[in-house]
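Please look over the structure shown here and keep it in view as you read.

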Amino acid sequence: RRCVLEASQQLTEIINSCLESETSAKSPEPTGEAEPADEEESALHCLWVDKFTPRRYMELLSDDYTNRCLLKWLKLWDTVVFGKEKAVKKAKPSAEAHPPFNQPKEQQNKWKTKVQLTEEILEAELDQHKRPKYKVALLCGPPGLGKTTLAHVIAKHAGYNAVEMNASDDRSPEVFKTRIEAATQMKSVLGANEKPNCLIIDEIDGAPAASINVLLNIIHRKDGEGEAAAGTGRRRRREGGLLLRPIICICNDQ
């Protein structure tokens, strides 16, 4: 253990010296003496996974196909969340006029790549509330694959404030429902320019069946639900409104 600690300390010093030499080459201006000492102290006690975690989309090392699909799905929410109209792609005239080998349409679809087929599925028509067909994304894979990092980076990249909750911590369905509705419905009071929330539910495979049913009810909730209450709207307020924010679920066991 002592040898491992010494080796890791030595590597940390080498990396820090390389980073310092790069920053000093970029900005030769002298800085205050008190701040670097604090930064060095915090750097020594910072885990490598936190220090070198990806901050931007281009820094992700996970599967590019998965990254693109998740980003494309999240951007489908732009119409309802940000009020942006969906961009319509113009079909290429050359491809329509001269299909390869004069194949029928069914045979052309047969030879489409996995990426093309997934993009067509994701680009399905939005529902009557301008939401995407699939309301929830599910990331699955072994621990350490970068699922949570991917969700946070893509949410930030798409202009959202990532709100993370652990499904296995909230065993009570009532608490689970309250936390989901707080993240997806309540508006921030911190400022007018506050970003909309994107809910990330980690360890969804550890949640009890009652909590999963609560989540499904929130996803499949209709706009007219609760309006049957005569004039008062009490039931509507109790049931909650329509789901208008994206939810990303993460699990190890699909």
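This report goes from the whole chain to its cores, then to a helix pair and a few single residues.

## The whole chain

This is a predicted model, where local features need pLDDT of at least 70, side-chain atom pairs count only at pLDDT 80 or more, and totals for chains, interfaces and linings use all residues. Residues are numbered from 1 along each chain as its sequence is written, and side-chain values use heavy atoms, with hydrogens and water left out.

The protein chain has twelve helices and four strands. Both are DSSP runs, numbered from the N terminus: helices are H or I with at least four residues, strands are E with at least two.

The protein chain has 254 residues, and 28% of them count as buried. Buried means under 20% relative accessible area, exposed means over 50%, and partly exposed lies in between (1.4 Å probe, protein chains only). About 17,600 Å² of the protein chain is exposed, and carbon and sulfur atoms supply 55% of that area. Accessible areas come from the Shrake-Rupley method with a 1.4 Å probe; for residues, only the protein chains shown count as cover.

Contact means heavy atoms within 4.5 Å. Take the contacts between residues at least 6 apart in sequence: 78% of them join residues at least 24 apart.

## The cores

A nonpolar core is a set of buried Ala, Val, Leu, Ile, Met, Phe, Trp, Tyr and Cys residues joined through side-chain atoms within 4.5 Å. The largest one holds 24 residues. L70, W73, L74, L139, I154, Y160 and I248 touch the most other members. Two or more residues each come from α4 (64-75), β1 (136-140), α9 (147-157), β3 (197-202) and β4 (247-251). Another core, of 17 residues, lies apart from it and includes A167, A183, I201 and A207.

Helix α9 deserves a closer look. Its buried residues are K147, L150, A151, V153, I154 and A155. They pack against α4, β1, β2 (161-166), β3 and β4. Leaving out residues up to four places away in sequence, I154 touches Y57, N67, L70, L71 and L74. Just after α9, G159 takes a positive phi of about 95°.

## A helix pair

Helices α10 (residues 173-184) and α11 (residues 209-219) have axes that come within 9 Å and cross at roughly 35°. Axes are lines fitted to C-alpha atoms, for helices over the stretch in contact, and angles run from 0 to 180 degrees between N-to-C directions. From α10, the contact uses P173, F176, K177, I180 and E181. From α11, it uses A210, S211, V214, L215 and I218.

## Three partly exposed residues

Which residues count as partly exposed? The table gives three, with their places.

| Residue | Relative accessibility | Place |
|---|---|---|
| N252 | 43% | segment after β4 |
| E203 | 35% | loop between β3 and α11 |
| Y134 | 40% | loop between α8 (114-122) and β1 |

N252 and P143 are 109 residues apart in sequence, yet 6.6 Å apart in space, C-alpha to C-alpha. N252 touches G141, P142, P143, K147 and D205, not counting residues up to four places away in sequence.

E203 has a positive phi of about 55°, although E203 is not a glycine.

Y134 is 85 residues from I219 in sequence and 9.4 Å from I219 in space, C-alpha to C-alpha. With residues up to four places away in sequence left out, Y134 touches W73 and I121.
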